[in-house]
Amino acid sequence: MIDCTDPDVIAMGVALAEAAKAGEAGDIPIGAIVMDAQGEIIAVARNEREKFGDPTAHAEILALRSAAAILGNWRLEGCTLVVTLEPCPMCAGAVVMSRVARLVFGAWNDRYGAAGSAWDLVRDRRLNHRPEVVGGVLEVECGRLVLEYLALRRLGGRR
């Protein structure tokens with residue numbers, strides 16, 4: 001049973017709404033938010049690689065950039081990044097380098113995931129920062145969104 005009062009579940013709902021917008025715009029439906037140390041949402045983003053023609057315009061990167069600009073500091077200590085899909089190696093590296101305290105994600109990414117699936121970059125002892133990691137929050141809902149989008153693309157459809 002889903003605990004609708006859990007702050008991570010509530011935050012993931014916001015990230016899922018952003019992910020849906022990315023899918024509607026023709027990008028892989030991944031959404032991300034950053035919450036400050038008090039649990040307030042300070043940044044919201046979605047994949048926008050297609051929109052900007054930028055291979056680094058992943059939801060996580062855009063959310064981290066926005067949060068850093070809002071806080072006026074690249075060190076996002078005390079912050080939580082919530083994302084609908086387990087981060088890829090690029091985004092996992094950004095999580096470590098931005099010093100976020102917690103990483104919360106929805107669906108596991110067995111092919112590209114770097115927070116415990118294919119790799120575990122965020123908890124690599126050789127790095128100077130290791131955030132707390134919580135995976136599987138609204139996993140079914142997050143995974144379904146990506147799988148449905150990819151199935152539609154394989155059939156030649158567009159959203």
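# Reading the strands, loops and largest pocket

Student: Which strand holds V134?

Tutor: V134 is found in strand β5, which spans residues 132–134. The model is predicted, and everything said here is computed from it.

Student: Is V134 buried or exposed?

Tutor: Burial is read from relative accessible area: under 20% is buried, over 50% is exposed, and what lies in between is partly exposed. V134 has a relative accessibility of 22%, so it counts as partly exposed.

Student: What does V134 touch, leaving aside its neighbours within four places in sequence?

Tutor: V134 is in contact with R102, L103, V104 and F105. These contacts can be read beside the strand pairing, since β4 covers residues 102–107. β4 and β5 pair in the parallel sense, over three bridges. One of the bridge partners can be named: R102 is matched with E132 in β5.

Student: How far apart are V134 and V122?

Tutor: Separation along the chain and separation in space are two readings. For V134 and V122 they are 12 residues and 12 Å, the latter taken from C-alpha to C-alpha.

Student: Which strands pair with β3, and in what sense?

Tutor: Take one neighbour at a time. Strand β1 (residues 31–35) runs antiparallel to β3 and is joined to it by four bridges. A32 has V83 as its bridge partner in β3. Strand β4 pairs with β3 in the parallel sense, over five bridges. Two of the partners in β4 are V104, matched with V82, and A107, matched with L85.

Student: How does the chain get from β3 to β4?

Tutor: It passes through helix α4 (residues 89–98), and this β-α-β crossover is right-handed.

Student: How many residues of β3 are buried, and how many of β4?

Tutor: A strand can be read residue by residue and then as a unit. In β3 (residues 80–85), six of the six residues are buried, so the strand is largely enclosed by the rest of the structure. In β4, five of the six residues are buried, and the strand is mostly covered.

Student: What does one residue of β3 look like, say T84?

Tutor: T84 has its place in strand β3. Its relative accessibility is 2%, so it counts as buried. Not counting residues up to four places away in sequence, T84 touches M12, A15, L16, A19, P29, I30, G31, G106, A107 and C142. Of these, G31 falls in the range of β1, while G106 and A107 fall in that of β4.

Student: Which non-glycine residues have a positive phi?

Tutor: Two cases can be read here. R99 is not a glycine, yet it has a positive phi of about 65°. R99 lies in the loop between α4 and β4, and at 19% relative accessibility it counts as buried. L138, also not a glycine, has a positive phi of about 50°. L138 lies in the loop between β5 and α5 and is buried, with a relative accessible area of 15%.

Student: Where does G136 lie, and what does it touch?

Tutor: G136 lies in the loop between β5 and α5. With 26% relative accessibility, G136 counts as partly exposed. Setting aside residues up to four places away in sequence, G136 touches F105, G106 and W108. G136 and L85 are 51 residues apart along the chain, and their C-alpha atoms are separated by 9.0 Å.

Student: What is the volume of the largest pocket, and which residues lie nearest its centre?

Tutor: Start with volume, then go to the lining. The largest pocket has a volume of about 500 Å³. It is lined by 21 residues, and I28, L85, N109, Y112 and V146 lie nearest its centre. L85 has already come up as the bridge partner of A107 in β4.

Student: Which element gives the most to that lining?

Tutor: Helix α5 (residues 139–154) does, with five residues.

Student: How do the residues of the lining divide by character?

Tutor: The lining of the largest pocket has 11 nonpolar, four polar and six charged residues.

Terms used
Residues are numbered from 1 along each chain as its sequence is written. This is a predicted model: local features need pLDDT of at least 70, side-chain atom pairs count only at pLDDT 80 or more; totals for chains, interfaces and linings use all residues. Side-chain values use heavy atoms; hydrogens and water are left out. Buried means under 20% relative accessible area, exposed over 50%, partly exposed in between (1.4 Å probe, protein chains only). Two strands pair if DSSP finds at least two bridges between them. A crossover is right-handed if, with the strands pointing away from the viewer, the path from the first strand over the helix to the second runs clockwise. Contact means heavy atoms within 4.5 Å. On a 1 Å grid over the protein atoms alone, a cavity is a set of points where a 1.4 Å probe fits but cannot get out, and a pocket is an open set with protein on both sides within 12 Å along at least five of seven lines; lining residues have an atom within 4 Å of a point. Grid points are joined across faces, edges and corners, and a volume is the space filled by probe spheres set on the points. Ala, Val, Leu, Ile, Met, Phe, Trp, Tyr, Cys and Pro count as nonpolar, Asp, Glu, Lys and Arg as charged, and the others, Gly among them, as polar.
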